[in-house]
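Trainee: I have a new structure to read. Can you walk me through it, feature by feature?

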Amino acid sequence: MLSTGALRAHLLAARLAGPVATSREESLRSYRLFAARDPRVLLGLDPEGGWAVRDLLALMAARCGVSADPAHVSGPDTIDPERTVAALEAFAQRLREVARSRGPVLLGTGHPDRLLGFYATLARALSAAGCVVLTPAQGWGVDVATRFGVRPHRLDYVQGVALVREPGVRPLGSATGAHTHSPLPVRIALGALAESGGPLPELVVGDHGWVCGAGQLGFEAIGLADTDDPAVFVGEAEGRVAVAVPLDDGVRSDYYRPLTRYVLDRASLSLAE
């Protein structure tokens, strides 16, 4: 068992919270793009509010602990570890509820190089608790916007976790996927479930477009988000994302293992070996 104090210390030591690698410049750029309704940072969310930059800064200060000072424009951004711990508690509560009802779940990530292990362990534990871990539309094509333009990708699942990969880069089932903010993969996955008449997820777990895209479509969604992902926190503020956990989403993958243990313990889930 990992105590709350030990988790807090780990968050700071691993720079998952406290001063993080995400820069203030990156965060402010994302807030400006979000205010301008740039789809690259909306992550599939259609905001109801006006959300000017000052509104986003106030929201991110309240939800993440970043500086609310608009004159603070450079250096590392900051996440309050207390807010991370509180959000992880809420995250675990949602997992506990879906495990008790043995509801179907869908997990997906736009950060497979960093977060695949975190989600895969959750998928394993939820499956052991009797939940159906959904894997719809495996191998289906999805066009994803990249810095090199729109490129064809394939939807794939690794250990029950959805990701996308460029065809030919890695075989289906390999652990390496592409980094993406796109909501198209979750839309395709959910659309495939609806067309097949199969069970729809009681809970969607993920990040980037997976959590915002699912929440926008009316599914209960929980996920992780960095200081330059304002859409996830706007979605939470507007009621379309159930839980947004503030943390650095780009540290070494093994640094997330203590968070996994903490969440599983709080959710009363066992690690299925």
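**Reading the sheet**

Mentor: Start with the sheet. This is a predicted model. Seven strands form an open sheet with mixed pairing, in the order S4-S5-S6-S3-S7-S8-S9.

Trainee: Which are the edge strands?

Mentor: Look for strands that pair on one side only. Here these are strand S4 (141-146) and S9. From one strand to the next, the twist averages 25°.

Trainee: How many bridges join S4 to strand S5?

Mentor: Six, and the two strands run antiparallel. S5 covers residues 149-158. As a marker, find Thr-146: Gly-149 in S5 stands opposite.

Trainee: At the other edge, in which sense do S8 and S9 pair?

Mentor: Parallel, over four bridges. Strand S8 spans residues 221-225. Ala-225 has Pro-246 in S9 as its bridge partner. Now follow the chain between the two strands. It leaves S8, passes through helix H9 (residues 230-237) and enters S9. This β-α-β crossover is right-handed.

Trainee: Which way do the residues of strand S9 point?

Mentor: General idea first. In a regular strand the side chains alternate between the two faces of the sheet. Now the case. S9 covers residues 243-246. Val-243 and Val-245 point one way, Ala-244 and Pro-246 the other. All four are buried.

**Helices on the sheet**

Trainee: Which strands does helix H5 lie across?

Mentor: Read a helix by the strands it crosses and by its angle to one of them. Helix H5 (residues 81-101) lies across S3, strand S7 (203-207), S8 and S9. It runs at about 140° to S9. Helix H7 (residues 184-196) lies across S3, S4, S5 and strand S6 (161-165). Its angle to S4 is about 165°.

Trainee: And helix H8, is it mostly covered or mostly open?

Mentor: Count the buried residues. In helix H8 (residues 208-216), eight of nine are buried, so to speak of it as mostly covered is fair. Among them are His-208, Trp-210, Val-211 and Cys-212. Just after H8, look at Gly-218: its phi is positive, about 95°.

**One residue in the core**

Trainee: Let me try a single residue. Where is Leu-107?

Mentor: In strand S3, which covers residues 105-108.

Trainee: Why does Leu-107 count as buried?

Mentor: Buried means under 20% relative accessible area. Leu-107 has 0%, so it is buried.

Trainee: What is Leu-107 in contact with?

Mentor: Set aside its neighbours within four places in sequence. Then its contacts include Tyr-119, Leu-122, Val-133, Val-161 and Val-205. Look also at Pro-201, 94 residues from Leu-107 along the chain. Their C-alpha atoms are separated by 9.5 Å.

**The whole chain**

Trainee: Now step back. How many helices and strands does the chain have?

Mentor: Ten helices and nine strands.

Trainee: Why does the radius of gyration agree with a compact globule?

Mentor: Compare the value with what the length suggests. With 273 residues, a compact globule would have a radius of gyration near 19 Å. The chain has 17 Å, which agrees. The C-alpha atoms fill a box of roughly 50 × 45 × 35 Å along the principal axes.

Trainee: What share of the residues count as buried?

Mentor: Of the 273 residues, 54%. The accessible surface comes to about 11200 Å², and 52% of that belongs to carbon and sulfur atoms. Finally, take contacts between residues at least 6 apart in sequence. Of these, 64% join residues at least 24 apart.

Key:
Residues are numbered from 1 along each chain as its sequence is written. This is a predicted model: local features need pLDDT of at least 70, side-chain atom pairs count only at pLDDT 80 or more; totals for chains, interfaces and linings use all residues. Side-chain values use heavy atoms; hydrogens and water are left out. Buried means under 20% relative accessible area, exposed over 50%, partly exposed in between (1.4 Å probe, protein chains only). Contact means heavy atoms within 4.5 Å. Two strands pair if DSSP finds at least two bridges between them. A crossover is right-handed if, with the strands pointing away from the viewer, the path from the first strand over the helix to the second runs clockwise. The radius of gyration is taken over C-alpha atoms; the globule rule is 2.2 Å times the number of residues to the power 0.38. Accessible areas come from the Shrake-Rupley method with a 1.4 Å probe; for residues, only the protein chains shown count as cover. Axes are lines fitted to C-alpha atoms, for helices over the stretch in contact, and angles run from 0 to 180 degrees between N-to-C directions.
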